Protein chains: 2
Amino acid sequence: MEKILLVDDENDILEFVSYNLSKEGFQVITCNNGKEAIQLAQKENPDLIILDVMMPEMDGIETCHELRSIDKLKDTLIIFLSARGEDYSQVAGFDAGADDYIPKPIKPRLLVSRVKAILRRKGGKVEAEETHSGIRIDREKYLIFKDNKEFSLPKKEFELLALLFSKPGKVFTREIILDNVWGGDVVVGDRTIDVHIRKLREKLGDQYIKTIKGVGYKFEV
Amino acid sequence: MEKILLVDDENDILEFVSYNLSKEGFQVITCNNGKEAIQLAQKENPDLIILDVMMPEMDGIETCHELRSIDKLKDTLIIFLSARGEDYSQVAGFDAGADDYIPKPIKPRLLVSRVKAILRRKGGKVEAEETHSGIRIDREKYLIFKDNKEFSLPKKEFELLALLFSKPGKVFTREIILDNVWGGDVVVGDRTIDVHIRKLREKLGDQYIKTIKGVGYKFEV
DNA sequence: ATTACAATTTAATATTAAGTTAACATCCCA
DNA sequence: TGGGATGTTAACTTAATATTAAATTGTAAT
């Protein structure tokens with residue numbers, strides 16, 4: 001069972017996030033500020049730390065820097081929580097050494113899927129970057145391999161393909177796709193997904209992505 | 001038997017939702033506004049509270065906040081009902097501490113499955129995909145397996161089969177079928193169900209779906 | 001800052017699968 | 001055996017997605 005350290009000054013959020021993660025079987029420990037976080041992290045050795053960007057005194061970015069400077073926490077995963085529309089924090093967060101970023105308002109599904117995805121990635125246990133139907137995705141290098149030929153994709157296309165690819169055969173609804181690829185509060189038109197699907201089909205061939213009318217899309221195995 | 005507190009100012013909805021949940025074996029108690037809800041919740045200790053977002057005086061969001069501030073209700077599950085297209089309420093609802101969200105117009109099938117899903121998560125139980133008469137339904141992949149051969153079905157046919165399949169041998173009346181597959185407020189002609197049944201029989205073979213004249217249809221075991 | 005180019009989104013229209021209806025046929029049980 | 005209930009079929013309608021181009025936004029280089 002993975003241990004997650006959750007840091008936020010607002011107890012509502014602490015509780016909400018904590019609830020949603022416990023529900024999925026994670027062990028969650030919490031605290032209210034950066035200082036405690038650093039102590040707790042050293043003591044508890046969590047697999048993942050979720051940091052709110054906006055906190056009084058020591059903010060998330062600073063806390064992240066501090067954490068990263070501690071040797072035993074060099075490889076611990078760090079995710080930021082950031083307020084609506086703060087694009088800045090995303091950038092600064094990654095600079096500070098964050099591994100991912102979750103926008104507020106927090107949607108439980110997005111939260112859980114990001115947390116799982118990131119633990120899966122680095123947890124080394126799964127995601128040995130498998131090949132399905134002759135296609136392989138390399139997240140590190142941000143490349144697609146098809147029949148041993150590599151090529152790159154724009155971010156949205158890459159993320160969309162990666163999502164469908166993460167569970168070949170599973171149907172992803174538009175809602176889920178939007179949550180995962182575009183993120184929490186982003187609102188884009190209905191046809192945007194279609195266009196990206198089209199581009200992927202153009203580049204990969206039609207046989208890989210299947211439409212389930214009225215339901216969603218899936219990566220065909 | 002799980003207890004559900006249902007809060008809505010419109011009696012039509014109260015009745016409709018209540019009917020659909022009772023039918024599934026839940027104990028449903030109802031009231032018309034936030035104030036009563038808070039009192040009832042404290043007295044009855046429900047497992048789940050379903051709140052309409054739009055209510056006079058105290059709306060769902062506010063009620064939710066109030067409920068969350070009561071200690072013994074901290075862990076009670078809360079689901080919002082929200083009017084068509086109000087994406088805002090989804091966001092605001094989660095901020096307020098909701099666990100899920102059901103869009104109006106309410107489709108009984110969606111309603112029941114969300115309610116079950118969320119109660120299941122809390123209870124920690126998981127359902128397995130069973131095989132009956134050589135047929136298995138995979139919701140995730142949106143596929144039917146017959147004698148280990150897979151094939152897909154259009155949405156309505158899939159949902160119709162899935163409904164009958166959910167309780168093999170049980171007779172489903174046309175009314176129930178309409179409620180579940182089409183949703184409460186949709187009105188379709190008399191022969192529409194027959195046509196879908198026919199298509200299913202065409203694809204699966206006649207032996208699986210049996211007509212009980214004057215009553216309804218069932219999946220034959 | 002300006003340009004140039006790539007990525008993304010929107011908007012408008014076309015296309016197609018899915019769903020519905022209508023008209024008629026057939027069944028079955030009082 | 002006659003009438004309500006269901007079956008069947010093809011035509012019709014609609015909803016969902018595909019497609020395209022144009023508009024917008026983002027990014028990197030000069």
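This briefing describes how two protein chains meet two DNA strands, and then turns to a pair of helices and one tyrosine in chain B. The model is a predicted one. In it, 24 residues surround DNA strand C, while 20 residues surround DNA strand D. Helix H8 of chain A gives the most to the surface near DNA strand C, with five residues, and the largest share of the surface near DNA strand D, also five residues, comes from H8(A).

**DNA strand C**

- Among the 24 residues that surround DNA strand C, the closest are Pro154(A) and Gly189(A) from chain A, together with Lys156(B), Trp182(B) and Gly189(B) from chain B.
- Of the atoms of DNA strand C that come within 4 Å of the protein, 69% belong to sugar and phosphate.
- Two residues of chain A approach phosphate oxygens of this strand: a polar backbone atom of Lys156(A) is 3.2 Å from one, and an N or O atom in the side chain of Trp182(A) is 3.0 Å from a phosphate oxygen.
- A base oxygen of DNA strand C is also approached, since a polar side-chain atom of Lys213(B) lies 3.2 Å from it.
- At least two residues of the surface near DNA strand C are supplied by each of four helices, namely H6 (155-166) and H8 (191-204) of chain A, and H6 (155-166) and H8 (192-204) of chain B.
- By class, the residues of this surface near DNA strand C comprise ten charged, eight nonpolar and six polar.

**DNA strand D**

- The closest of the 20 residues that surround DNA strand D are Arg201(A), Thr211(A) and Tyr217(A) in chain A, and Thr211(B) and Tyr217(B) in chain B.
- Sugar and phosphate make up 60% of the atoms of DNA strand D that come within 4 Å of the protein.
- Gly214 of each chain places a backbone N or O atom by a phosphate oxygen of DNA strand D, at 3.2 Å for Gly214(A) and at 3.0 Å for Gly214(B).
- The side chain of Tyr217(A) has an N or O atom 2.5 Å from a phosphate oxygen of DNA strand D.
- H8 of chain A and H8 of chain B each supply at least two residues of the surface near DNA strand D, and the residues of that surface divide into twelve charged, four nonpolar and four polar.

**Helices H7 and H8 of chain B**

- The axes of H7(B), which spans residues 174-182, and H8(B) come within 11 Å and cross at roughly 80°, so H7(B) is roughly perpendicular to H8(B).
- In this contact, H7(B) contributes Arg174(B), Ile177(B), Leu178(B) and Trp182(B), while H8(B) contributes Thr192(B), Ile193(B), Asp194(B) and His196(B).
- The contact of H7(B) with H8(B) has four nonpolar, two polar and two charged residues.

**Tyr142 of chain B**

- Tyr142(B) sits in the loop that lies between strand E7 (135-138) and strand E8 (143-146) of chain B.
- Tyr142(B) counts as buried because its relative accessibility is 4%, which is under the 20% cut-off.
- Apart from neighbours within four places in sequence, Tyr142(B) is in contact with residues of both chains: Val171(A), Ile212(A) and Val215(A), as well as Ser152(B), Leu153(B), Lys155(B), Phe158(B) and Glu159(B).
- With one of these residues, Glu159(B), the side chain of Tyr142(B) makes a polar contact to the side chain at 3.0 Å.
- Ser152(B) is ten residues from Tyr142(B) along the chain, and their C-alpha atoms are separated by 6.9 Å.

Methods. Residues are numbered from 1 along each chain as its sequence is written. Chains are lettered from A and ligands numbered from 1 in the order in which they are written. This is a predicted model: local features need pLDDT of at least 70, side-chain atom pairs count only at pLDDT 80 or more; totals for chains, interfaces and linings use all residues. Side-chain values use heavy atoms; hydrogens and water are left out. A residue is near a molecule or strand if one of its heavy atoms lies within 4 Å of it. A polar contact is a pair of N or O atoms within 3.5 Å; within protein, one must be able to donate a hydrogen and the other to accept it, and residues adjacent in sequence count only if both atoms are side-chain atoms. Ala, Val, Leu, Ile, Met, Phe, Trp, Tyr, Cys and Pro count as nonpolar, Asp, Glu, Lys and Arg as charged, and the others, Gly among them, as polar. Axes are lines fitted to C-alpha atoms, for helices over the stretch in contact, and angles run from 0 to 180 degrees between N-to-C directions. Angles under 35 degrees count as roughly parallel, over 145 as roughly antiparallel, 65 to 115 as roughly perpendicular and the rest as oblique. Contact means heavy atoms within 4.5 Å. Buried means under 20% relative accessible area, exposed over 50%, partly exposed in between (1.4 Å probe, protein chains only).
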